[in-house]
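Visitor: I would like a close look at one part of this model. Please start with a strand pairing, then work outward to what surrounds it.

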Amino acid sequence: MKKTLVVYGSSTGTCQGIADKIGAKLGAEVVDVANLTDGQVDEAENLLLGTSTWGAGELQDDWYDGLEKLKALDLNGKTVALFGCGDSESYSDTFCGAMDEIYSALKDKGVNFVGQVSTDGYTFDDSAAVVDGKFVGLALDDINEDDKTDERIDAWLESIKSAL
């Protein structure tokens, strides 16, 4: 596997916990987006980017500056996979919508997105993170469906490993 960096933004610790699990399974470095350096991004060939979703589908706060940093760097040719945490019951109409903000900000930066996930098996009303019938990345509800989290992470990692 090429140099992989797992980057997360987390306010309550849920997304950090997910990032740590993913990093441990891949043997990859895990970094909080608030502490992300240009050098870390430059050295990585693969970026796994995770965010929680707040309010009406908004990014976790640290990601606003993090996205500006990423958009300013040369990401051409990098492989990017997204993962997001959300609450499919209380915020069913914006479930994991923040993933779309990262996707939309980086889709014209020459990156190769991998890891889209079918919406089958999820219960939610709407999400900006659904494009062509699939989530743009791994959607997780560790609040209401924590019993599915590990299985979903494992299946997602298996689906992207060949691209990393």
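Visitor: Which residue in β9 is the bridge partner of S118?

Guide: The partner is K134. Keep in mind that this is a predicted model. S118 belongs to β7, which spans 117–118. The strand across from β7 is β9, residues 134–135. The two run antiparallel and share 2 bridges.

Now widen the view to the sheet. Three strands make it up, in the order β7-β9-β8. The sheet is open, and its pairing is antiparallel. β7 and β8 are the edge strands, with β8 covering 130–131. Each of these edges pairs on one side only.

Next, the aromatic side chains. Residue 135 closes β9, and F135 is a member of an aromatic cluster. The other members of that cluster are F95, Y122 and F124. Y122 has a charged visitor as well: R152 lies over the face of its ring. The distance from R152 to the ring centre is 3.9 Å.

The structure holds 7 aromatic pairs. One of them joins Y103 and F113, with ring centres 4.8 Å apart. Their planes meet at 50°, so the pair counts as tilted. Y103 sits in helix α4, residues 98–106, and F113 in strand β6, residues 112–114, so the pair ties together parts 10 residues apart in sequence. Both Y103 and F113 are buried.

Go back to R152, because its role over Y122 is not its sole link: R152 also joins E145 and K148 in a network of salt bridges. Within that network, the side chains of K148 and E145 meet at 3.9 Å, N to O. How accessible are these two? K148 has a relative accessible area of 30%, so K148 is partly exposed. E145 has 10%, so E145 is buried.

The salt bridges extend beyond this network. A search of the whole structure finds 7 of them. Side chains of opposite charge can pair when their charged atoms come close. K21 and D150 form one such bridge, at 2.8 Å from N to O. K21 lies in helix α1, residues 14–26, and D150 in helix α5, residues 146–160. The pair links distant parts of the chain, 129 residues apart. K21 has 33% relative accessibility, and is therefore partly exposed. D150 is also partly exposed, at 39%.

D154 and K25 form another salt bridge, at 2.9 Å from N to O. Here too helix α5 meets helix α1: D154 lies in α5 and K25 in α1, 129 residues apart. D154 is partly exposed at 39% relative accessibility. K25 is partly exposed at 41%.

Last, the interior. The largest nonpolar core has 52 residues. I22, L48, L49, W63, L82, F83 and W156 touch the most other members. Take I22, and leave aside its neighbours within four places in sequence. I22 is then in contact with V6, L48, F83, I153, W156 and L157. Among these partners, L48, F83 and W156 are themselves on the list of residues that touch the most other core members.

Key:
Residues numbered from 1 in each chain as written. Predicted model: local features only at pLDDT ≥ 70, side-chain atom pairs only at ≥ 80, totals over all residues. Heavy atoms only, no water. Pairing = 2+ DSSP bridges. Helix = DSSP H or I, 4+ residues; strand = E, 2+ residues; numbered from the N terminus. Phe/Tyr/Trp six-rings, centres within 6.5 Å; stacked < 30°, edge-to-face > 60°. Buried < 20%, exposed > 50% of the residue type's maximum accessible area, 1.4 Å probe, protein only. Lys NZ or Arg CZ within 6 Å of the ring centre and 35° of its normal. Core = buried A, V, L, I, M, F, W, Y, C linked by side-chain atoms within 4.5 Å. Contact = heavy atoms within 4.5 Å. Salt bridge = Lys/Arg side-chain N within 4 Å of Asp/Glu carboxyl O.
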